[in-house]
Amino acid sequence: MARALRLAEQGLFSTTPNPRVGCVIVRDGIVVGEGWHEKTGGPHAEVHALRAAGGRSRGATAYVTLEPCSHHGRTPPCANALIDAGITRVVAAMRDPNPQVSGRGLELLTLAGVSVQTGLLESEARELNIGFISRMTRARPWVRLKTASSLDGKTALLNGESKWITGPAARADVQRWRARACVILTGSGTVLADDPQMNVRDIETPRQPLKVIVDSRLATPPNAKILHGGAFIACAEADPARRAALEAAGAQILELPGADGRVDLAALLLEFGRQGINEVHAEAGATLNGALLAAGLVDEWIAYMAPLALGHAARGLFNMPELTEMAERRRFSLLDKTMLGGDLRLRLRPV
């Protein structure tokens, strides 16, 4: 199963909106076939593994990181393919989180006389597809917030200068997190201040994530670099003239009015879920960061910290309403800490 999970990771950048899945077929203690889901619309992991195994799959065990599918989508059901190939035992790391199909693949296998087990390395399998699970169970994607700051929690000087707080190793790591996401989310303040491209660079990837700007009043200029290749802009109110100019520049406008004239971020995430978005990578300034955190929409925080101090006047990480009691504080649990060159990366999740 550990090998199947490593295989599944090879689809980290390419399978969305589908889950990342790996499969290993073993007969008499020997691996006779393996495969992974390489891209959306292509054969599933089980099919690749069965093709590699050929006739040796008869009487073998299939280790698969997710319950074999039981429905006709772009490809035929994998549960039937395993049965037809003569597989006699299936070990699945976890059930399919889709409530409409969960358990049906395992039921098909059991009815055909195949021995079935689930739960082996399940936590690892869930982490690999945490965005897919989020969309299936909460109807919205997993939101991963990235920040880069000094030790005193500052992201830029007061005049806006921020290049570069962290070093090359940390910035390269950011590109890998971007590449696995379906959407890169930022705010209009970041676009106006930095004119970023917000794309994946220096990594071989078959696709670029969608770019989405939260921009309540459509302040994004039509010549912004982020619009090159197309982008979505979520606004609260679309001025007709600004909308026309941005659409002419390749932007698609979403009107999602919320409280106080701001974009309804929860509604935006639900719209992402309807569009098959599994993972959102947010790189923004203090305003959007604070709004996401205050609304309870941050599922994971990747904090890069450089060993330097910028002082009290520099720009901070989150703009949020003042807390009056310690009971109101936002608490996080630490998943891991990693040194990247001279910088520290913390991965955290809300308690």
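This is a short talk on the sheet, the cores and the salt bridges of one structure.

Okay, hi everyone. Before anything else, keep in mind that what you see on the screen is a predicted model.

Let's begin with the sheet. It's an open one with nine strands, and the pairing is mixed. If you want to trace the order, go S11-S10-S9-S8-S12-S6-S13-S16-S15. At the edges sit strand S11, residues 251-255, and strand S15, residues 332-340, and each of those pairs on one side only. From one strand to the next, the twist averages 25°.

Zoom in on one pair for a second. Strand S9, residues 210-214, and strand S10, residues 231-235, run parallel, and three bridges join them. If you'd like a landmark there, Val212 stands opposite Phe232 in S10.

Now, which helices go with this sheet? One is H6, residues 130-138, which packs on the sheet and touches strands S6, S12 and S16. The direction of H6 makes about 130° with that of S6. Another is H10, residues 265-274, lying across S6, S8, S9, S10, S11 and S12. Against S9, helix H10 runs at about 165°.

While we're on helices, have a look at H9, residues 240-248. At its start, a side-chain oxygen of Asp239 comes to within 3.1 Å of the backbone nitrogen of Ala241. Just after H9 you'll find Gly250, with a positive phi of about 105°.

Right, on to the cores. The largest nonpolar core has 38 residues, and the ones touching the most other members are Cys23, Ile25, Ala62, Leu82, Ile87 and Val90. Elements giving two or more residues to this core include helices H1, H2 and H3, along with strands S1, S3 and S4. Take Ile25: beyond its sequence neighbours within four places, its contacts include Val32, Leu50, Ala62 and Ile87. Apart from that core lies another, of 28 residues, with Cys182, Val263, Leu288 and Trp301 among them.

Last topic, charges. We have 22 salt bridges in the structure. One of them brings together the side chains of Glu34 and Arg3, at 2.6 Å from N to O. Glu34 sits in strand S2 and Arg3 in helix H1, so this pair ties together parts 31 residues apart in sequence. Is Glu34 buried or partly exposed? It's at 29% relative accessibility, so it counts as partly exposed. Arg3 is partly exposed too, with a relative accessible area of 35%.

Compare that with Glu300. This residue forms a salt bridge with Arg144, where the closest N and O atoms are 3.5 Å apart. Glu300 is in strand S13 and Arg144 in strand S6, 156 residues apart, and the pair links those distant parts of the chain. Both Glu300 and Arg144 are buried.

Which other arginine side chain does Glu300 meet? That's Arg349, in a salt bridge at 3.2 Å, N to O. Arg349 lies in strand S16 and Glu300 in S13, so here the pair ties together parts that are 49 residues apart in sequence. Arg349 is buried, as is Glu300.

And these are part of something wider: salt bridges that share partners join Glu300, Arg144 and Arg349 into one network, whose other members include Arg20, Glu127, Asp173, Glu279 and Asp336. That's my tour, thanks.

Technical notes:
Residues are numbered from 1 along each chain as its sequence is written. This is a predicted model: local features need pLDDT of at least 70, side-chain atom pairs count only at pLDDT 80 or more; totals for chains, interfaces and linings use all residues. Side-chain values use heavy atoms; hydrogens and water are left out. Two strands pair if DSSP finds at least two bridges between them. Helices (H or I, at least four residues) and strands (E, at least two) are DSSP runs, numbered from the N terminus. Axes are lines fitted to C-alpha atoms, for helices over the stretch in contact, and angles run from 0 to 180 degrees between N-to-C directions. Contact means heavy atoms within 4.5 Å. A polar contact is a pair of N or O atoms within 3.5 Å; within protein, one must be able to donate a hydrogen and the other to accept it, and residues adjacent in sequence count only if both atoms are side-chain atoms. A nonpolar core is a set of buried Ala, Val, Leu, Ile, Met, Phe, Trp, Tyr and Cys residues joined through side-chain atoms within 4.5 Å. Buried means under 20% relative accessible area, exposed over 50%, partly exposed in between (1.4 Å probe, protein chains only). A salt bridge is a side-chain nitrogen of Lys or Arg within 4 Å of a carboxyl oxygen of Asp or Glu.
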